[in-house]
Amino acid sequence: MSAITKEKKASIFATYGGSEKNTGSIEGQIALLTERINHIATHQKENKKDFSTNRGLMKLVGERKSLLSYLSKTNLQGYRALLEKLGLRK
């Protein structure tokens, strides 16, 4: 079951991607992955022995990492602003 509804997804892309229809923007994709990662991480805290979910979580983290790497190479100011908005690095 997906934890992200259509309305939530549209609001994420409106906030980070510029508009609801701009689902291909890197910033919007990273924000969506972050939302999914946060949801799965809360599930992992409750179910420590759920190893298949842990593998999926690691795949999502790796995908987000590669998108962040691409964004840092192409748009450094946008990269730093997105990290600040999402609160990824402290």
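Q: Which helices do the buried residues of helix 2 pack against?
A: In this predicted model, the buried residues of helix 2 pack against helix 1, helix 3 and helix 4. These buried residues are Ile26, Gly28, Ile30, Ala31, Leu32, Leu33, Thr34, Ile37, Ile40 and Gln44.

Q: Why is Gln44 called buried?
A: The relative accessible area of Gln44 is 13%. Buried means under 20%, and Gln44 is therefore counted as buried. Gln44 belongs to helix 2, which covers residues 26-46.

Q: Which residues does Gln44 touch, leaving aside residues up to four places away in sequence?
A: Gln44 touches Asp50, Thr53, Asn54 and Leu57. Leu57 is itself one of the buried residues of helix 3.

Q: Why does the span of helix 2 agree with what its number of residues should give?
A: Helix 2 has 21 residues, which at 1.5 Å a residue should span 30 Å. The end C-alpha atoms of helix 2 are 31 Å apart, and the two values therefore agree.

Q: What span is expected of helix 3, and what distance does helix 3 reach?
A: For the 24 residues of helix 3 (residues 51-74), 34 Å is expected at 1.5 Å a residue. From the first C-alpha to the last, helix 3 reaches 35 Å, which is close to that expectation.

Q: Which residues of helix 3 are buried, and what do they pack against?
A: Leu57, Leu60, Arg64, Leu67, Leu68 and Leu71 are buried in helix 3. The packing partners of these buried residues are helix 2 and helix 4 (76-86).

Q: Why are helix 1 and helix 2 called oblique to each other?
A: Helix 1 (residues 6-16) and helix 2 pack at an angle of about 135 degrees, with their axes 8 Å apart. Angles over 145 degrees count as roughly antiparallel, and 65 to 115 as roughly perpendicular. An angle of about 135 degrees falls in neither class, so the pair is oblique. The crossing of helix 1 and helix 2 is right-handed.

Q: Which residues form the contact of helix 1 with helix 2, and how do they divide by character?
A: From helix 1, Lys8, Lys9, Ile12, Phe13 and Tyr16 meet Glu27, Gly28, Gln29, Ala31, Leu32 and Glu35 in helix 2. The residues of this contact divide into five nonpolar, two polar and four charged.

Q: What makes up the chain as a whole?
A: The chain contains four helices and zero strands, in the order α-α-α-α from the N terminus. Of its 90 residues, 29% count as buried.

Key
Residues are numbered from 1 along each chain as its sequence is written. This is a predicted model: local features need pLDDT of at least 70, side-chain atom pairs count only at pLDDT 80 or more; totals for chains, interfaces and linings use all residues. Side-chain values use heavy atoms; hydrogens and water are left out. Helices (H or I, at least four residues) and strands (E, at least two) are DSSP runs, numbered from the N terminus. Buried means under 20% relative accessible area, exposed over 50%, partly exposed in between (1.4 Å probe, protein chains only). Contact means heavy atoms within 4.5 Å. The expected span of a helix is 1.5 Å times one less than its number of residues. Axes are lines fitted to C-alpha atoms, for helices over the stretch in contact, and angles run from 0 to 180 degrees between N-to-C directions. Angles under 35 degrees count as roughly parallel, over 145 as roughly antiparallel, 65 to 115 as roughly perpendicular and the rest as oblique. A crossing is left-handed if the near helix is turned anticlockwise from the far one by less than a right angle, and right-handed if clockwise. Ala, Val, Leu, Ile, Met, Phe, Trp, Tyr, Cys and Pro count as nonpolar, Asp, Glu, Lys and Arg as charged, and the others, Gly among them, as polar.
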